[in-house]
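Colleague: I'm new to this one, so please pick a single part and take a close look at it with me. Then carry on from there, and explain the terms as they come up.

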Amino acid sequence: MPPAKSRSKNSIGEEALQIEKNLAQNALSSGDRDSAWQILYSITDRLISFPASPERDALFVSTAIELANLSFVLGKGFMELTGTLQSALLAAERIGDQRSMAMTNLHLGRLFYFAEQRDTAMSVFEVGKFEAEALGDEDILTQAAEFIGLYYFIQGRFQEAIGYFERAAHSFESEKLGRIINPSGPLWLSYCAAFLGQFHRAIGTLDYYRRVAIEGGDHGLATTLRAVLGIILLGIKKNKEAHFHLSGAFQEARRTKNMLAGYFAKGGLAFHHYLEGRLNEAWDWVVKTSEEAESGLIRQYASPLVLETLFELHQKGINKDRHLNYPDEFKRIMHEPNIHLRGVALRLKALEQIGSHTEISAIESNLNQSEMYLLQSGDPVQTGKTRVEMARLQLREGNQQGARALAEKARKDFGSYMDVFFPDDLRPLLAVRSDLNHSAGSEDQLLGMFADVIAELSPSADFEFLLANTVKSTNRYFGAERGGIFWFRRNEPKKGPILRGPCNLSAADISSTDFRDNLTLVFKAFHENRPQMVRREEFGLNPSRVKAMICVPFEVGGHVRGVLYHDNSYVRDCFDNFTKSQLLQMARWLTSYIDHLFEFSRQMEQKSSDQTGQMEQTDSLTIITRSPAMLGILNQTDRIAATDSTVLILGETGVGKELLARRIHQMSRRKNNPMIVVDPTVIPENLVESELFGHEKGAFTGADRQKKGRMELANKGTLFIDEVGEIPKSIQVKLLRAIQEKTMTRIGGTQIIHSDFRLIAATNRDLAEEVATGRFREDLYYRLNVIPVTLPSLRNRVEDIPLLARHFLRRFAARYHQPGFEIAIDISREQEAMLAAYDWPGNIRELQNVMERATLMSTDGHLHLDLPDAARKTTGHPFDDLPTLDDLQRHYIQYVLDKTEGKLSGPGGAAGILGMKRTSLYNRMSKLGLR
């Protein structure tokens with residue numbers, strides 16, 4: 001067959017496969033994960049035989065990465081996946097796709113880890129991590145978060161890992177159906193929390209994300225999370241609850257052929273039998289777990305329970321498998337980088353030496369090494385277990401004082417789980433502690449909680465962020481699985497509270513019938529303004545029935561405004577340490593603290609509103625700046641552009657709020673769809689409603705034809721409402737409903753119209769003040785104020801003034817057909833000082849007008865600046881060799897690259913300084929011969 005015909009056939013085949021891939025996306029959007037997996041697997045399988053081409057490689061790489069993510073959601077297809085990803089890596093290298101190369105390496109690292117090829121996993125992880133961090137933008141770092149966290153996790157460095165897993169879990173939750181990122185983030189976050197001694201957080205996270213997965217149609221992931229939940233419950237000896245989840249997960253995994261969930265469930269059931277003392281049954285389940293080799297998951301484990309089980313079986317002579325036994329596992333672990341498992345292995349080695357009457361110095365050496373590794377890993381429970389053995393050793397040596405000191409350290413390590421882990425034989429060593437000392441310690445701990453909360457407070461005008469930090473901190477302090485703040489409307493308390501700052505708690509949770517009794521306690525705490533605490537009798541193994549709750553009310557501005565709520569579904573005695581007097585003191589502290597946060601947030605918002613300003617409205621979407629404050633704002637908005645979150649842009653008149661809105665739109669996934677602008681200031685008040693919602697023919701006088709509203713036209717795109725504070729109060733409630741439900745009806749019509757738009761609003765008003773005076777609806781304000789962005793005024797961006805002035809000089813010279821004008825005439829140092837000294841009440845719009853006037857009025861090689869009270873000194877800066885525009889761009893880009901030491905993207909990179917997308921900068925550099 002002639003080459004041309006062959007290429008034509010391949011091209012047709014690629015187009016057909018691209019259509020199939022769209023079908024997979026549709027299946028994902030509808031929640032049909034299995035069908036999507038089958039389609040993606042089929043596409044990669046067929047593309048393998050296609051000859052290499054840029055189009056084929058791009059399709060193969062993107063499909064392979066999606067298949068890898070989905071395989072871990074469903075827990076299947078791992079054996080074939082390694083070869084597919086290795087082929088994808090080669091394809092990504094051929095087309096120079098650095099982002100896909102990074103992600104493919106990271107996916108391979110995870111596969112090698114699960115396949116017990118840990119050395120290979122570490123080296124591949126390091127390559128992928130380096131590639132992702134070299135790219136440095138928020139998008140790639142978010143995609144890589146789960147994998148980088150796993151890189152630290154498999155070394156047993158949980159403090160380093162947990163931040164990445166938090167980011168991964170957040171991105172997983174925020175993603176919409178049809179796209180899967182960091183599917184295992186919640187799983188690893190939970191393991192990490194458990195190994196850091198935060199069992200309540202691990203349990204709450206798993207329980208919460210399991211519900212999220214079920215609601216999103218990710219039943220395979222939900223099963224895996226259920227199995228891990230059972231393992232974590234075993235860690236605190238909740239054996240009955242653990243068996244309920246492990247056996248349920250095992251049945252679900254077997255029914256759906258979910259190998260990953262089955263692997264965890266079988267391992268968990270082995271641990272369960274071990275803890276119950278049924279060692280032969282435990283060994284049978286260990287063997288079943290090791291049989292998962294066909295799935296590519298060969299004896300990978302992170303939990304110390306595995307090693308402890310193998311050790312006990314070895315001690316009893318039950319472990320007969322030459323492929324999985326304690327002696328071989330000990331040798332392997334001591335040659336691998338996991339300091340966590342090393343610490344546990346050395347403790348078990350010391351126990352073995354004690355039984356064989358080894359010299360005391362060798363035993364002490366192993367225990368000291370164990371303690372050192374476990375302290376580095378951050379696991380307090382395992383550290384405490386090692387210290388317990390060290391205390392026992394001291395007792396054998398007759399050193400009761402040393403034993404007591406070690407026992408006290410172990411008690412602190414175990415914390416609120418002391419009753420679970422601290423052995424009875426060492427409890428007499430702690431008898432010197434009096435109830436009085438315990439009470440005093442509790443009081444100190446109470447005060448310490450709020451000190452920790454305040455210490456975690458980051459200065460921010462975002463009150464929601466501050467509340468979320470508060471809940472996160474108190475959740476950890478109480479040892480609660482979930483929590484939130486129920487905020488009551490000041491003027492409408494009967495309408496019920498709003499959930500704010502939730503931790504492992506969603507709006508769907510609080511609206512369920514199972515939560516009604518919990519809400520009753522919230523209302524009681526609010527109306528009585530007194531803390532409430534309830535412990536229920538056991539409700540069997542139903543995790544949806546809360547077993548313990550605590551509600552602490554607080555005031556803002558002298559009025560009760562909300563209730564801090566925490567609960568547990570698996571542990572009943574979590575709040576037992578608090579007396580009524582302590583809870584009342586806690587309520588007073590909480591009132592003082594949240595009142596402070598509220599006032600702090602209000603002042604920050606007012607200050608930002610008073611000092612706002614930035615940008616300008618130009619024909620280009622490039623934002624000219626070198627201001628650190630502005631670069632920080634652009635970094636923030638560039639991160640949120642890819643989401644559908646509502647953005648409220650605050651700023652004085654003339655700062656270019658619409659320009660920033662257009663930038664956000666152009667960087668969003670909606671960029672190929674329209675951005676519709678509504679400016680109520682230029683629309684007669686009686687026509688604002690019609691412009692927003694449209695009208696039907698004959699709806700009112702002059703409505704001689706049907707008119708689609710701006711909200712309807714913005715479907716699949718972005719709706720930008722400029723000066724939203726000018727929306728008439730009479731139609732604000734209709735606007736609120738349309739924003740909330742993304743539905744509307746035209747004036748005079750009855751048909752419900754759906755419009756999927758992303759909302760960006762802007763105003764130069766202080767909307768909080770407008771709410772306080774009754775000119776703006778409070779509920780609409782909170783709906784708009786999801787992600788507030790406040791722009792600094794031009795007078796607070798002095799370093800940008802000459803940069804912007806020259807920018808406008810070049811623009812207007814080109815507009816008014818004066819080629820070379822901006823080269824022949826430049827701004828002198830004296831004029832720069834004049835521009836910097838001026839206050840710019842009209843911000844960038846005023847600067848733009850000044851430079852336009854200067855362009856038109858300047859003659860004889862002199863720039864004539866017309867500023868109030870400004871000296872009129874002019875000069876010029878000629879370019880003798882008359883460089884072309886390409887020459888200027890080439891020299892300037894090279895100058896910026898020199899300044900950034902070759903860094904192209906990320907914070908402080910050349911792309912950000914030049915106001916360009918990374919890909920646009922690459923293309924421009926290629927055109928100019930810089931690469």
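Modeller: What follows begins with one helix and its partners, then moves on to other helices and the sheets.

Some ground rules come first. This is a predicted model, in which local features need pLDDT of at least 70 and side-chain atom pairs count only at pLDDT 80 or more, while totals for chains, interfaces and linings use all residues. Residues are numbered from 1 along each chain as its sequence is written, and side-chain values use heavy atoms, with hydrogens and water left out.

Let's zoom in on α17. Helices here are DSSP runs of H or I with at least four residues, strands are runs of E with at least two, and both are numbered from the N terminus. Helix α17 covers residues 339–355, and its axis comes within 8 Å of the axis of helix α18 (residues 360–377), crossing at roughly 160°. Axes are lines fitted to C-alpha atoms, for helices over the stretch in contact, and angles run from 0 to 180 degrees between N-to-C directions. So α17 and α18 count as roughly antiparallel; the cut-offs are under 35 degrees for roughly parallel, over 145 for roughly antiparallel, 65 to 115 for roughly perpendicular, and oblique for the rest. The crossing of α17 past α18 is left-handed, meaning that the near helix is turned anticlockwise from the far one by less than a right angle (clockwise would be right-handed).

Which residues of α17 and α18 meet? On the α17 side they include Ile339, Val344, Leu346 and Ile354, and on the α18 side Ile363, Leu367, Tyr373 and Leu374 are among them. Contact means heavy atoms within 4.5 Å. Sorted by class, the contact of α17 with α18 has 10 nonpolar, eight polar and three charged residues. For those classes, Ala, Val, Leu, Ile, Met, Phe, Trp, Tyr, Cys and Pro are nonpolar, Asp, Glu, Lys and Arg are charged, and the others, Gly among them, are polar.

α17 has another partner, helix α19 (residues 380–396): their axes come within 10 Å and cross at roughly 25°. That makes α17 roughly parallel to α19, and this crossing is left-handed. Here His340, Val344, Arg347, Leu351 and Ile354 of α17 touch Gln382, Lys385, Thr386, Glu389 and Arg396 of α19. That contact has three nonpolar, three polar and four charged residues.

Now for another helix pair. α10 packs with helix α11 (residues 219–235) at an angle of about 165°, the axes being 9 Å apart. α10 and α11 are therefore roughly antiparallel to each other, and α10 passes α11 in a left-handed crossing. Among the residues that meet are Phe199, Ile203 and Leu206 of α10, with Leu225, Leu229 and Ile232 of α11. The contact of α10 with α11 has 14 nonpolar, two polar and three charged residues.

α10 also takes us to a salt bridge, which is a side-chain nitrogen of Lys or Arg within 4 Å of a carboxyl oxygen of Asp or Glu. The structure holds 42 salt bridges; one of them joins the side chains of Asp509 and Arg211 (2.9 Å, N to O). Asp509 sits in helix α24 (residues 507–510) and Arg211 in helix α10 (residues 199–215), so the pair ties together parts 298 residues apart in sequence.

On to the sheets, where two strands pair if DSSP finds at least two bridges between them. An open sheet of five strands runs in the order β2-β1-β5-β4-β3, with antiparallel pairing. At its edges are β2 (498–503) and β3 (532–535), each pairing on one side only. Within this sheet, nine bridges join β4 (residues 548–556) to β5 (residues 559–568), and Cys551 has Tyr565 in β5 as its bridge partner. Helix α23 (residues 463–478) lies across β1, β2, β4 and β5, at about 55° to β2.

Another open sheet of five strands has parallel pairing, in the order β7-β10-β13-β6-β14. β7 (675–678) and β14 (787–790) stand at the edges with a single partner each, so one side of each is left without a neighbour in the sheet. Its twist averages 20° from one strand to the next. Four bridges link β10 (residues 718–721) to β13 (residues 758–763), with Leu719 opposite Leu759 in β13. Helix α28 (residues 657–666) lies across β6, β7, β10, β13 and β14.
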